[in-house]
Amino acid sequence: MISLLSRLRPIAATVCRQNNKSLSLSSVQKTSTRNAGTALYRRHDPSEPKGWHYFGEALSAFFWFWILYHSYYEFDHLVPHDTYPDPSKFTNEELGIPADDE
């Protein structure tokens with residue numbers, strides 16, 4: 001947007017010289033019309049009701065509570081509770097290794 005305004009500045013300056021007015025870049029920015037809708041960059045959308053914001057925060061807190069609570073108290077759902085067998089105790093037959101015929 002700024003680059004577009006800087007390109008249009010010489011044209012606007014010529015028009016203003018004919019009308020004997022001075023032109024600054026800030027006055028061009030203040031009078032420009034934006035038809036971009038409601039999309040905002042790095043700003044909070046003021047049209048959002050506070051109730052929806054608090055509802056989203058509460059829902060997020062509930063989900064994090066659910067995940068952390070069940071990760072702590074029901075850890076067996078994430079990691080098996082059985083002990084792993086010792087691989088050194090397997091025989092060659094169980095591992096599918098053919099016998100050595102010498």
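Accessible areas come from the Shrake-Rupley method with a 1.4 Å probe, and for residues only the protein chains shown count as cover. This is a predicted model, in which local features need pLDDT of at least 70 and side-chain atom pairs count only at pLDDT 80 or more, while totals for chains, interfaces and linings use all residues. Residues are numbered from 1 along each chain as its sequence is written, and side-chain values use heavy atoms, with hydrogens and water left out.

Me: What share of the exposed area of the chain do carbon and sulfur atoms supply?
Reply: The chain exposes about 10100 Å². Of its 102 residues, 2% count as buried (under 20% relative accessible area; over 50% is exposed, and in between is partly exposed, with a 1.4 Å probe and protein chains only). The share of the exposed area from carbon and sulfur atoms is 58%.

Me: Which element of the chain has the highest mean pLDDT?
Reply: pLDDT is the predictor's confidence in each residue, from 0 to 100, and the chain averages 77. The chain has four helices and zero strands (DSSP runs numbered from the N terminus: helices are H or I of at least four residues, strands E of at least two). Helix α2 (residues 25-31) has the lowest mean, 52. Where pLDDT is low, the predicted coordinates should not be read in detail. The highest mean, 94, belongs to helix α3 (residues 50-73).

Me: Why is the pair of tyrosine 69 and tyrosine 73 classed as tilted?
Reply: The structure holds six aromatic pairs (rings of Phe, Tyr and Trp, the last by its six-membered ring, with centres within 6.5 Å; planes under 30 degrees apart are stacked, over 60 edge-to-face and the rest tilted). The centres of tyrosine 69 and tyrosine 73 lie 4.8 Å apart. Both residues belong to helix α3, four residues apart, about one turn of the helix. The pair is tilted because its planes stand at 45°.

Me: What angle separates the planes of tyrosine 72 and tyrosine 73?
Reply: Tyrosine 73 counts as exposed at 57% relative accessibility, and tyrosine 72 as exposed at 62%. Their rings form an edge-to-face pair, 4.8 Å centre to centre, and the angle between the planes is 90°.
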